[in-house]
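Please open the model in a viewer and follow the selections below in turn.

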Amino acid sequence: HWHLLILNNFSPLLNFMDNMKNFVITIGRQFGSGGRELGQLLAAKLGIAYYDKQLLCKAAEQAGVSTDFVERSDERFPSFLGGFFSFNHGYSAIACYQGASSAISDENIYKAQSDAIKTIAERESCVIVGRSADYVLRDHPRCINIFVHAPIEARIERIMKRGDCSSAHEARSRAEKTNKLRAHYYNFYTPKTWGDAASYDLSIDSSLMPMNDIVEVIAEYVKRRFS
């Protein structure tokens, strides 16, 4: 008993986490803001699971489609709308048919991914990055929703530092394009607005503090929120 008491005194955060019900932290993020890094560090700090690309494999399996197809659709504006717009502009009725087929695929993938998110959240405490997880888990009683952003200059620097792009121009273009795709995806599948502070519990500028400090702040928030 004394051994356990001493151990708990030295590990208050771990002791707290071990004795609480499942909780989930969702992270929405601008491209290049470090949302994935934050999620990984936060999961390690709290001793819980981390999910990002792993959800794609689960979604592919449940939807009965290839992982490559799911990855191409990951956080992308539903492709059937492209067919719909092409039809309206008079290109071809075939586009409408293709759009309808794609609509079924997109809807199946989103549903499978949402089901996977819900199953994981019921099973274990975790951090989930992207995939409109905050909305999917809107009825979860112990869910903290975070959005990570940063000025474009800071995002360009991070993108180039991690080797995603070789020039500032390329980094800026990719950041703008990816953010548009994520916003369209989120705004289509949810009634909320991507990046709107009112949609989240915490909105964090990752350029203002070192990432490890941000992790400490969020970990303390989690502790106080659920204590």
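Select strand S3 (residues 126-129), where Cys126 and Ile128 point one way and Val127 and Val129 the other way, all of them buried (under 20% relative accessible area with a 1.4 Å probe, protein chains only). Strands here are DSSP E runs of at least two residues and helices are H or I runs of at least four, numbered from the N terminus. The model is predicted, so that local features need pLDDT of at least 70 and side-chain atom pairs pLDDT 80 or more, while totals for chains, interfaces and linings use all residues. Residues are numbered from 1 along each chain as its sequence is written, and side-chain values use heavy atoms, without hydrogens and water.

Next add strand S1 (residues 24-29), which runs parallel to S3 and is joined to it by 4 bridges, and strand S2 (residues 49-51), which pairs with S3 in the parallel sense over 3 bridges; two strands pair if DSSP finds at least two bridges between them. Cysteine 126 is the bridge partner of valine 24 and also of alanine 49.

Widen the selection to the open sheet of 5 strands, ordered S2-S3-S1-S4-S5 with parallel pairing. S2 and S5 (202-205) are the edge strands, each pairing on one side only.

Finally, select helices H9 (residues 152-161) and H10 (residues 168-189), whose axes come within 9 Å and cross at roughly 110 degrees; axes are lines fitted to C-alpha atoms over the stretch in contact, with angles from 0 to 180 degrees between N-to-C directions. H9 is therefore roughly perpendicular to H10 (65 to 115 degrees).

Methods. Angles under 35 degrees count as roughly parallel, over 145 as roughly antiparallel, 65 to 115 as roughly perpendicular and the rest as oblique. Buried means under 20% relative accessible area, exposed over 50%, partly exposed in between (1.4 Å probe, protein chains only).
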